[in-house]
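Dear colleague,

Please find the structure below, handed over for your records. My findings follow it.

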Number of protein chains: 2
Amino acid sequence: MTATTLHRPTHRDALYLLEEAFGDGRMVTLFGRCTVDYDGRATSSLGPGDRLVVCKPDGTILVHTDEKRKPVNWQPPGCTHRASVRDGHLRVRSERSTPTERLDVAFERIDQVTAYEVTDRSDLRLQGSEEDLRRRILDDPALVEEGFVPQATERETAAGPVDVFGEDAAGRPVVVELKRRRVGPSAAGQLQRYVEAVDEEFPDEGVRGVLVAPSVTDRARELLAERGLSFVAVEPVADEGDDESGDGDSVAKAEGDGGDDGADAGRDDGPDAGDDAADESDDAADDTAE
Amino acid sequence: MTATTLHRPTHRDALYLLEEAFGDGRMVTLFGRCTVDYDGRATSSLGPGDRLVVCKPDGTILVHTDEKRKPVNWQPPGCTHRASVRDGHLRVRSERSTPTERLDVAFERIDQVTAYEVTDRSDLRLQGSEEDLRRRILDDPALVEEGFVPQATERETAAGPVDVFGEDAAGRPVVVELKRRRVGPSAAGQLQRYVEAVDEEFPDEGVRGVLVAPSVTDRARELLAERGLSFVAVEPVADEGDDESGDGDSVAKAEGDGGDDGADAGRDDGPDAGDDAADESDDAADDTAE
DNA sequence: GCCTAGGTCCCGTTC
DNA sequence: GAACGGGGCCTAGGC
């Protein structure tokens, strides 16, 4: 029995199921009319309404309305769930310390309670992260600029860890900040912080800073320019067009618009819209619902 | 009927319920063994496992495992949900454009499907935000420093909008950056950005920068010091100890350790642990479950 | 435990 | 629509 459900249960019956489920590590959903109160890092209260509440065995609790991706209220993992009946309400309380915070969900009506046995061993595999961009740069440092030689990643400075630290063709220190997506002013400021910190380590060596990302906003570009920092446009994963066959030694083969290299190669991005058209066609479905 | 549930449905029966629910704006949960594939701003794939899937009428979809607050996969509001049966699987697809991205959940086994009618008009009321801190500062500018006169909020600069802009007792421009919680290096960098931008607007006027937050990390404090910026410790909501009875004209009554005012009042925070002890006692419960 | 930064961040607001 | 910054951000990785 992987899913145990009660329809329109009494508060007491719902309580018994919650007792069991919290005890043996099952995940629980409740749906009904409730109010929610939170006190901790901030304080909030939510009047009555129909919501879906999810309690996870790791101590997470989520309160979802019919809108938005974020729960209207929640508690992160590590909390302790407790349920009780009082004042004619089923109350689910989730608490933790460090920081001290508490979430109370009080149901005046419960439409459904379900306890699920969950078995999930699969790990998510994800591509397109900053980590992928880092690997791409280390595989082919010329993507940053001709002659760039990486020397360290996550190199510590007084202002924090630098993504990629190295030397340019002239032997000057180079600070590289990587972003998986289009960057704004904060990334420019971050790079500036690191460059200033490294500059104090290597006085009079002319430390340089390069922001590597798919694209950059106008204001961020201006901030970079004012501070003598560079931008280079690189996607976290290679575009499908160019074959990245080589084993890391391939140097800037088909850079397209071979413009001025070195400092400023930023062009607007744009999703390119070239969606792979070779997916399964929808008309082949047995049945379809929208 | 606010909740319609199918237990161990056939793919086709589940499909019909999804059809109806997507059509009339109901929220849906599915639980069963599925794989998940995502392609859009990044790309991911997740092997088979038991998960809870939530489809909201606003186009949100969430895939939750038994751990963590964040869904392992998701699609934000604005997407279009479609369901179909093919290859012996029930597939729920959620798509959108700008950016183009698609999420596919393929169930090999469905333990339960439920459609909910949701009515929720209540708005969350939350206290302790940066907005609250801003109001507090505007009510009592002396919390920043004696003689501070706020002149504008969200004042635009070349580097972005400044939280509070004003003058100090000597008539010098002051840039104030507010944070509702303990600040790190990025906040120091943000303040520096703004101060530099304002400095170009008012050359030779000695523009000052003040970071206002509950507390500050050591490294951020160093960064501020190196750049001649100040930190002032203020909580987003007044502590329960001091009575903030006055109507905005109260000036720094009981600041506790009346140390050196003006520049650096940073001490470590600590939640103070003084939880209100006047809540309902647990032993008065009708019934309790942990 | 705190610190630091990334994220398919989400989200509201403004332009 | 893009951009910019807040968030009870969450989460991972170091120390």
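**How the two copies meet**

Of the interface residues of chain A, 99% are interface residues in chain B as well, so the copies meet through the same surface. Please bear in mind that this is a predicted model.

A turn of 180 degrees, with a shift of 0.0 Å along the axis, lays chain A on chain B with an RMSD of 0.1 Å. The two copies are therefore related as by a two-fold rotation axis. Within chain A, the residue that comes closest to this axis is A:Gly189, whose C-alpha is 3.0 Å away.

**DNA strand D**

DNA strand D is surrounded by 29 residues, of which the closest are A:Arg41, A:Trp74, A:Gln75, A:Arg182 and B:Arg180. By class, the residues of this surface comprise 13 charged, 10 nonpolar and six polar. On the DNA side, sugar or phosphate accounts for 82% of the strand D atoms within 4 Å of the protein, and bases account for the rest.

Three polar contacts may interest you. In chain A, a polar backbone atom of A:Trp74 is 2.3 Å from a base nitrogen of DNA strand D. In chain B, phosphate oxygens are approached in two ways: a polar backbone atom of B:Lys70 is 2.9 Å from one, and a polar side-chain atom of B:Tyr194 also lies 2.9 Å from a phosphate oxygen. The elements that give two or more residues to the surface near DNA strand D are strand S5 (73-75) of chain A, and strand S11 (160-167) and helix H3 (185-201) of chain B.

With kind regards

Definitions and conventions: Residues are numbered from 1 along each chain as its sequence is written. Chains are lettered from A and ligands numbered from 1 in the order in which they are written. This is a predicted model: local features need pLDDT of at least 70, side-chain atom pairs count only at pLDDT 80 or more; totals for chains, interfaces and linings use all residues. Side-chain values use heavy atoms; hydrogens and water are left out. A residue is near a molecule or strand if one of its heavy atoms lies within 4 Å of it. A polar contact is a pair of N or O atoms within 3.5 Å; within protein, one must be able to donate a hydrogen and the other to accept it, and residues adjacent in sequence count only if both atoms are side-chain atoms. Helices (H or I, at least four residues) and strands (E, at least two) are DSSP runs, numbered from the N terminus. Ala, Val, Leu, Ile, Met, Phe, Trp, Tyr, Cys and Pro count as nonpolar, Asp, Glu, Lys and Arg as charged, and the others, Gly among them, as polar. Copies are superposed by least squares on the C-alpha atoms of residues with pLDDT of at least 70 in both. Contact means heavy atoms within 4.5 Å.
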